[in-house]
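Please examine the sequence and the structure shown below. The paragraphs that follow lead through the chain step by step.

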Amino acid sequence: MTLSSGSNSPSLMMQRAKQLAERVVTSMRAQGYLNVEYILTERQLKIVASKRDGTPQTAYVTLPNPTIH
């Protein structure tokens, strides 16, 4: 797949990151996690979720630094 020079723009990267976050939330809910929430910043995706008998778990994903060519 070839990407154009504008494909790495910060707004496109944030859009892709939001799509990723929504897929992760959907997947975690399907696995039985409750209260799945995410916080998306320009550099990081933070996901907090818990199972019925467990304490909340937190996962962090560092987003790539967009480079414009």
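Which residue of β2 is the bridge partner of Y38? The bridge partner of Y38 in β2 is I47. To place this pair, the chain as a whole must be described.

The model is a predicted one, in which local features require pLDDT of at least 70 and side-chain atom pairs count only at pLDDT 80 or more, while totals for chains, interfaces and linings use all residues. Residues are numbered from 1 along each chain as its sequence is written, and side-chain values use heavy atoms, with hydrogens and water left out.

The chain contains 1 helix and 3 strands; helices (H or I, at least four residues) and strands (E, at least two) are DSSP runs, numbered from the N terminus. Along the sequence these elements follow the pattern α-β-β-β. Of the 69 residues in the chain, 22% are buried, where buried means under 20% relative accessible area, exposed means over 50%, and partly exposed lies in between (1.4 Å probe, protein chains only). Contacts, defined as heavy atoms within 4.5 Å, can also be sorted by distance along the sequence. Among those between residues at least 6 apart in sequence, 20% join residues at least 24 apart.

The sheet comes next. Strands of a sheet pair through backbone hydrogen bonds, either parallel or antiparallel. In this model 3 strands form an open sheet in the order β1-β2-β3, and the pairing is antiparallel; two strands count as paired if DSSP finds at least two bridges between them. β1 (34-40) and β3 stand at the edges with a single partner strand each, so one side of each has no neighbour in the sheet. On average, neighbouring strands of this sheet are turned by 15 degrees against each other, direction ignored. Such angles run from 0 to 180 degrees between N-to-C directions, and the axes are lines fitted to C-alpha atoms, for helices over the stretch in contact.

β1 and β2 are joined by 5 bridges and form a hairpin with 3 residues between them. Besides the pair already named, L40 has L45 in β2 as its bridge partner. The helix α1 packs on the sheet, where α1 touches β1 and β2, and the direction of α1 makes about 165 degrees with that of β1. On the other side of the pairing scheme, 6 bridges join β2 (residues 44-50) to β3 (residues 57-62), and these strands run antiparallel. β2 and β3 likewise form a hairpin, with 6 residues between them.

I47 serves as a useful reference point within β2. I47 stands opposite A59 in β3. Not counting residues up to four places away in sequence, I47 touches V24, M28, V36, E37, Y38, Q57, T58 and A59. One of these, T58, is found in strand β3; the C-alpha atoms of T58 and I47 are separated by 5.6 Å, although the two residues are 11 residues apart along the chain. T58 is partly exposed, because its relative accessible area is 41%.

I47 also belongs to the largest nonpolar core, whose 8 residues are A21, V25, M28, Y33, V36, L45, I47 and A49. A nonpolar core is a set of buried Ala, Val, Leu, Ile, Met, Phe, Trp, Tyr and Cys residues joined through side-chain atoms within 4.5 Å. The elements that give two or more residues to this core are α1 (10-30) and β2. In soluble globular proteins, nonpolar side chains tend to be buried together.

Two further residues may be set side by side. S50 has its place in strand β2 and counts as buried because its relative accessibility is 11%. Leaving aside neighbours within four places in sequence, S50 is in contact with G32, Y33, L34, N35, T55 and P56. One of these contacts, N35, lies in strand β1 and counts as exposed because its relative accessibility is 61%. N35 is a residue other than glycine with a positive phi, near 50 degrees.

The last feature is the largest pocket, in which about 190 Å³ of space lies. Of the 13 residues that line this pocket, M13, M14, A17, L63 and P64 are the closest to its centre.A pocket is an open set of points, on a 1 Å grid over the protein atoms alone, where a 1.4 Å probe fits, with protein on both sides within 12 Å along at least five of seven lines; lining residues have an atom within 4 Å of a point. Grid points are joined across faces, edges and corners, and the volume is the space filled by probe spheres set on the points. The largest share of the lining, 7 residues, comes from α1.
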